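Biologist: I've got a stack of "why is it called that" questions for you. Mind if we check the labels against their cut-offs?

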Amino acid sequence: MTETLARRTGAFRAPRNLHQEAAGSIHNDAVASKLGFRGGTVPGSIHMDQFVPLLAEVHGPAWFETGGMSAYFTRATTDGEEVQASIEPGPSRTRLTMIDQAGAQVCQGTAAVGGLDEGSELRERMRAQTAAAPGELRILADIAIGDEARDMAVKVTREKLDKALGTITEPMRAYAEDGVLPPSQIVHLAHLTRATVMAKQKKSVGLFGALETQVFAGPLRADVDYLARSRILKLTESPKTENVWYEVFFREPGAVQDAGLVLYCLRFMKGSSPLWSG
């Protein structure tokens with residue numbers, strides 16, 4: 001790691017795409033190439049792990065207790081493609097940047113400790129987006145703002161965490177010794193609800209457009225049973241995608257306080273759907 005004034009920059013790392021065999025997935029080379037990508041993509045959640053050692057150096061144990069990270073992805077990467085994370089602490093939040101070897105931006109974002117940051121990268125972008133007009137969406141036509149799901153049981157097992165730690169770009173003692181969940185596994189915890197939350201989505205290929213993780217009462221750990229609830233916040237579109245923005249909160253049964261949340265922007269490729277090809 002190098003440091004210049006307040007800015008901290010990590011080493012180049014080579015995140016892995018471990019979902020190459022997933023049929024119909026953006027992580028599959030054939031599927032991704034057909035949609036104009038260079039190959040099967042590394043999940044954006046994997047890139048988030050690369051910022052943690054830098055943030056933990058700045059914030060100490062508080063990062064795992066009340067830390068939040070918000071990342072907007074601007075360039076998809078492929079298996080083993082090297083990327084570098086940098087952070088620049090500020091008075092209220094830290095700016096995040098990731099680049100590839102050529103210097104192209106892979107993602108940008110924010111991080112903070114102490115609870116929910118309403119001025120985070122993703123929340124600011126969500127507020128700035130124009131909502132899709134009624135009737136414009138096809139893939140997401142049956143999903144409505146305000147749709148909710150509750151009491152969804154979710155858990156990241158210790159076995160699942162240990163498997164992920166075998167390829168994580170930035171191993172940390174808290175993960176291996178204490179079962180603390182890195183951001184990628186916090187996203188996985190929330191993503192266990194996707195089949196329920198997105199049950200009305202029409203057939204298409206999706207990918208992470210942006211992700212935000214927030215810990216309220218942490219650390220979040222493996223082998224803990226959580227109950228999740230979700231709510232659809234916004235529906236938007238671009239020339240190539242339909243997008244859904246939604247939150248997933250989780251808490252331990254009987255607890256009065258939420259343990260954490262994930263805020264998603266999921267993008268669904270119009271070119272992957274027969275609803276847009278005719």
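Biologist: Why is Asp162 called partly exposed?

Modeller: Buried means under 20% relative accessible area, exposed means over 50%, and partly exposed is in between (1.4 Å probe, protein chains only). Asp162 has a relative accessible area of 40%, so it lands in that middle class. One caveat: this is a predicted model, where local features need pLDDT of at least 70 and side-chain atom pairs count only at pLDDT 80 or more, while totals for chains, interfaces and linings use all residues. Residues are numbered from 1 along each chain as its sequence is written, and side-chain values use heavy atoms, leaving out hydrogens and water.

Biologist: What makes Arg158 and Asp162 a salt bridge?

Modeller: The rule asks for a side-chain nitrogen of Lys or Arg within 4 Å of a carboxyl oxygen of Asp or Glu. Here the closest N and O atoms are 2.9 Å apart, so the pair qualifies. Arg158 is partly exposed too, at 24% relative accessible area. The two residues are four apart in helix H6, so about one helical turn separates them. (Helices, H or I with at least four residues, and strands, E with at least two, are DSSP runs numbered from the N terminus.)

Biologist: Which residues do salt bridges with shared partners join into one network?

Modeller: Arg95, Glu121 and Arg125. The whole structure holds 22 salt bridges.

Biologist: How do you know that Arg13 and Glu170 meet in a salt bridge?

Modeller: Their N to O distance is 2.9 Å, so they pass the test too. This pair links distant parts of the chain, 157 residues apart: Arg13 is in the loop between strand E2 and helix H1, and Glu170 is in the loop between H6 and helix H7.

Biologist: And Glu170, buried or exposed?

Modeller: Buried, with a relative accessible area of 11%. Arg13 has 32% and is partly exposed.

Biologist: What about Arg16 and Asp79, what makes them a salt bridge?

Modeller: N to O is 2.7 Å, so they count. Arg16 sits in the loop between E2 and H1, Asp79 in the loop between strands E3 and E4, so the contact ties together parts 63 residues apart in sequence. Both are partly exposed, Arg16 at 38% and Asp79 at 39%.

Biologist: What makes E3 largely enclosed by the rest of the structure?

Modeller: Seven of its seven residues are buried, so the strand is largely enclosed. Gly67, Met69, Ala71 and Phe73 point one way, while Gly68, Ser70 and Tyr72 point the other way. In a regular strand, side chains alternate between the two faces of the sheet.

Biologist: How do you know that E3 and E6 pair?

Modeller: Two strands pair if DSSP finds at least two bridges between them. E3 and E6 have seven, in the antiparallel sense, so they qualify. Phe73 stands opposite Cys107 in E6. With E8, E3 has five bridges, antiparallel again, and Ser70 has Glu212 as its partner there.

Biologist: What makes Arg125 lie over the face of Tyr72?

Modeller: The test wants NZ of Lys or CZ of Arg within 6 Å of the ring centre and within 35 degrees of the ring normal. Arg125 is 3.7 Å from the ring centre of Tyr72. Arg229 does likewise over Phe249, at 4.5 Å.

Biologist: How many aromatic pairs does the structure hold?

Modeller: Four. One of them is Phe64 with Tyr175, edge-to-face, at 6.5 Å centre to centre and 85° between the planes. Phe64 is in helix H4 and Tyr175 in H7, so the pair ties together parts 111 residues apart in sequence. Phe64 is buried at 15%, and Tyr175 is buried at 1%.

Biologist: Why is the pair of Tyr246 and Tyr264 called stacked?

Modeller: Rings of Phe, Tyr and Trp (its six-membered ring) pair if their centres lie within 6.5 Å; planes under 30 degrees apart are stacked, over 60 edge-to-face, and the rest tilted. Tyr246 and Tyr264 are 4.7 Å centre to centre with 25° between the planes, so stacked it is. Both are buried, and with Phe208 they form one aromatic cluster.

Biologist: Last one: what makes H8 mostly covered?

Modeller: Seven of its nine residues are buried, including Ile186, Val187 and Leu189.
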